[in-house]
Amino acid sequence: MSPSDIARPDPDLLLASLAAREARARRGRLRVFLGMCPGVGKTYAMLRAAQQARAAGTAVLVGIVETHGRAETAALLQGLEVLPRLAVAHRGATLPELDLETLRGRRPALAVVDELAHTNAPGSRHAKRWQDVLELLEAGIDVYTTLNIQHVESRADTVRQITGATQRETVPDTLLDLADELELVDVTPETLRERLRDGKVYLGERAAAAQENFFQESHLTALRELALRYTAERVERQLRALRAPMAKQTVWRSGERLLVAVGPSPFSTQLVRWTRRLAAAQGAPWLAVHVESAAPAPTETQRRIDQNLALARELGAEVVITQDEDPAAALVRVALQHNATQIVLGRPRESPWRRWLPGGTLVDRVLRQGGNIDVYVVPADPAGPRPPLAGLEFDPGLRSGAGEYAWAAGTVAGLTAAGLLLPAQYYLAAGLVYLLAVILLSLRLGRGPVLAAGVLSALTWNFLFIPPRFTFQIGKIEDGLLFGTYFVVALVAGQLTARIRAQALAEHRREGRASALFNLTRSLAEARTLDAAVFAALRQADQLFGAQTSLLLAGPAGGYVPHFAGSFVLDERERAVAEWAWRHRRPAGRFTDTLPASAGFYLPLVRADAAVGVLGVVVPSDSRLTLAQRDLLEAFARQLAQSVEREHLREAGEREKLLAESDRLHRTLLDSVSHELRTPLAVITSAAENLDPADAPARVALAGEIRTAARRLNRLVGNLLDQTRLESGVLRPRPDWCDPRDLVQAAVEEAGDALAGHPLEVQVPPDMPPVRADFALTTQALANLLLNAARHTPAATPVFVTAGIDRDGTRVYFTVADRGPGFPLAMRERLFQKFERGDVARAGGLGLGLSIVRGFVLAQHGEVIVGENPGGGAVFTIYLPHPPPQIPPAE
């Protein structure tokens, strides 16, 4: 990156920034009141800010606020409209929750929602309250909310280490990144403990227990520092964003930050350690910066650079790698971008001639360009090794082969042979042709062949063409000047050629890294499943690094399970290294200081201070991963970690939905079963108690009531058992040839007395052939439809049963129609679900009858549909497959 790159913004980045700004303008603003723990006054500060907003004319609606019985907090609610809470039933209790639907429908300018990390009751729209807040923001509603530092996802592990308490409720950092304002509500630990003793935080025994445990002074001090640091980091990020578009930047001394220049010199190791000690003494963050030139470093040089940067990273530095032909300008540019107030440079033992280089030494140029940045110059250890001379190491990728030297020599020889045919007085023309040839060769050949062509052509021109000929003497001053100019032009052309080729190689490498990340991001975005995303990522890594890869993920039963898409099979030794990287969340294996004898390099996939997997890369034994490749691998690992985390969040969301639905069904079933059991049991109990004193006619009536109630109980238990059979998958139909008239008759008998008050019309063609069906299941399905028609239609209305074969002869149908209220179109789509009842259904029943009908019919590869009966009412139609009946052979 050069200074010109900063002056001209990327159009794509500019468009993305404008789009992000437009999206930000459409959503509501979020203001978070952050505290170190409960009792610091977050809710008080939030309500006070809400009162100020109301006084300024803003429409404020309090969605939910927990005052915890504090009178001074409750007093701030006066004058604010408070939304009634939504009562959510859960396991026999009623839980008050935020009424999100009403709050969103009211669309206030500002909504006040307390306790951002709160977990909603099962059955709510969202599992977490921060998801409610996110929906409000997306609806364009501003939100004030509160949060304790221990509930921030990235700080949860640190809080657990400090207090010993595991935080179950956390808020992702990505949501806090959306916050437009973050206000720290801070009090001293002494003040907070005094408030706890006065009963302003907790009451009674709870306050005493809190003071001895979570509210210890050491815990509160550490939590306070954690909250202050989190706020300071956010302010620092905002400061960087504000400084980025400034044309002329200077260092703002809002806080100390050190920057150390790291190169291949052995002295860089000493320099890194010295900077670490200085940063620790000042309590300041620090950066380790390496400046790459366009020409790639030789293998040994790159190895030393990787070692020095790895040491800096291990000691806690933020590693930055930039590219520039002027190291001094690059160091100053990075210092300005990161607001580094101090630059640490080394002054190695060097020859005096280096001071006479253009612009002076690196230290001189940094001092000249650094402005108000402090510069520390650390002298090298006199007993230490000398740094290698710059320019004496060449990259093999820029070395020219023998073929290029042959091209250069052949070109000079050909031009020499042609020039000898010219008259002697045209020696200047020969020199110009030589010069043109050297310039043209510089467009194709490397630095060495171009320099060789320049030297060879210059000497040949001097010896064969410049008078006096066949000597290396030059007789005229102008010829000498021309010869010297020619020689300089040839050298400059060769040097420029080498620089252009080196820049082209560097651009090619950068383009390769950018393309690799783009392809990976696109593949992960297009992948529909985690397996597809992992497969795409590992195949790209195999191709890009010329390596074999493996991936460990968490297994369903615990432990670490290799993914099937890996191209490298882990043995016990390699698996142990990968598990170490997982547990410690640090790279391990080859190219590291931890278990370096391993065949693979293992990089943990870390999200929010927790490892979600391990990426393993095995390169050939004669190859090594450069720092640039390791940085690219870390980018791969971050992208993979995001995909794994998204999959975990999706699975957690599915589990939450399943648990919420299971809890809802459990409550519905329990309420319905208790009601349905209580009614017939009450009838049986009452009738049984009146049997003894009753006379004979009354006993007959009471016995009839007992039989009716018993049948109702039997149907209830039968429905529950049938539904259990369907859900467990143990239902196995036993198809056989059945007479359709027998099926209908059996269903009518099963319905029994329920049809007594309804005229029944049955139409079955007398010539209808046998149908192949499970007699018991089909009879039960038809009986349920008859019972449904009899129970939910007015008395004395008819019920119609028909049967037949459709026109193409492939299906048999049974219909049950009534003259009841029917079903609207929206209701028909969910009518066959469990516990669903019609909008005008009479009280009673579990809502399982139609669900069982559908299950029994589907088990026989049929279908059941509901439609509108001409003339009013509903009509249910059961379709079953109808193979042609088998005719038994004649005896």
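Modeller: Two strands pair if DSSP finds at least two bridges between them. Strands themselves are DSSP runs of E, at least two residues long, and helices are runs of H or I, at least four long; both are numbered from the N terminus. The model is predicted, so local features need pLDDT of at least 70 and side-chain atom pairs count only at pLDDT 80 or more, while totals for chains, interfaces and linings use all residues. Residues are numbered from 1 along each chain as its sequence is written, and side-chain values use heavy atoms, with hydrogens and water left out.

Biologist: What makes β22 and β23 a pair?

Modeller: Seven bridges join β22 to strand β23 (residues 811–818), in the antiparallel sense. Seven meets the requirement of at least two, so the strands pair. One of the bridge partners is Ala817 in β23, matched with Phe800. The two strands form a hairpin with five residues between them. In its turn, Gly809 has a positive phi of about 75 degrees.

Biologist: In which sense do β20 and β22 pair?

Modeller: Parallel, over four bridges, with β20 covering residues 760–763. Four also satisfies the rule of at least two. Leu760 stands opposite Val799 in β22.

Biologist: Why is β22 described as largely enclosed?

Modeller: Five of its seven residues, in the run 799–805, are buried, so the rest of the structure largely encloses β22. Buried means under 20% relative accessible area, exposed means over 50%, and partly exposed lies in between (1.4 Å probe, protein chains only). Over the 891 residues of the protein, 43% count as buried.

Biologist: Why is Val143 called buried?

Modeller: Its relative accessible area is 0%, which is under 20%, so Val143 is buried. Val143 belongs to strand β7. Beyond its neighbours within four places in sequence, Val143 is in contact (heavy atoms within 4.5 Å) with residues including Arg29, Leu30, Arg31, Leu110 and Val133. Its C-alpha atom is separated by 9.8 Å from that of Leu61, 82 residues apart along the chain.

Biologist: How do you know that Asn462 is buried?

Modeller: 4% relative accessibility is under 20%, so Asn462 counts as buried. Asn462 sits in helix α18, residues 447–464. Leaving aside neighbours within four places, its contacts are Thr471, Phe472, Gln473, Ile474 and Phe483.

Biologist: Why is the link between Asp180 and Arg27 called a salt bridge?

Modeller: A salt bridge needs a side-chain nitrogen of Lys or Arg within 4 Å of a carboxyl oxygen of Asp or Glu. Asp180 and Arg27 have their closest N and O atoms 3.6 Å apart, so they qualify. Asp180 is in the loop between α8 (173–177) and β8 (181–185), and Arg27 is in the loop between α2 (11–26) and β1 (30–35), 153 residues apart. Asp180 is buried at 15%. Arg27 is buried too, at 16%.

Biologist: What about Glu183 and Arg31?

Modeller: Their closest N and O atoms are 2.6 Å apart, so this pair is also a salt bridge. Strand β8 holds Glu183 and strand β1 holds Arg31, 152 residues apart. Glu183, at 27%, lies between 20% and 50%, so it counts as partly exposed. Arg31, at 17%, is under 20% and counts as buried.

Biologist: Where in the chain are Arg155 and Glu233?

Modeller: Arg155 is in the loop between β7 (142–148) and α7 (156–163), and Glu233 is in helix α11 (residues 217–243), 78 residues apart. Their side chains meet in a salt bridge at 2.8 Å, N to O. Arg155 is buried at 13%, whereas Glu233 is partly exposed at 35%.

Biologist: How many salt bridges does the structure hold?

Modeller: It holds 22. Glu101, Arg104, Arg125 and Glu135 are linked in a network of them.

Biologist: What makes Val488, Val492, Leu496 and Ile500 a nonpolar patch?

Modeller: Patches take residues with over 30% relative accessible area and no salt bridge; nonpolar side chains (Val, Leu, Ile, Met, Phe, Trp, Tyr) are joined within 5 Å, like charges within 9 Å. Ile500, at 55%, is over 30%. That value is also over 50%, so Ile500 counts as exposed. Ile500 is in helix α19, residues 477–526. Together the four residues have about 360 Å² of accessible area, by the Shrake-Rupley method with a 1.4 Å probe; for residues, only the protein chains shown count as cover.

Biologist: What does the protein look like in totals?

Modeller: It has 27 helices and 25 strands. Its accessible surface comes to about 47000 Å², with 57% belonging to carbon and sulfur atoms. Of the contacts with a separation of 6 or more, 70% are between residues 24 or more positions apart.
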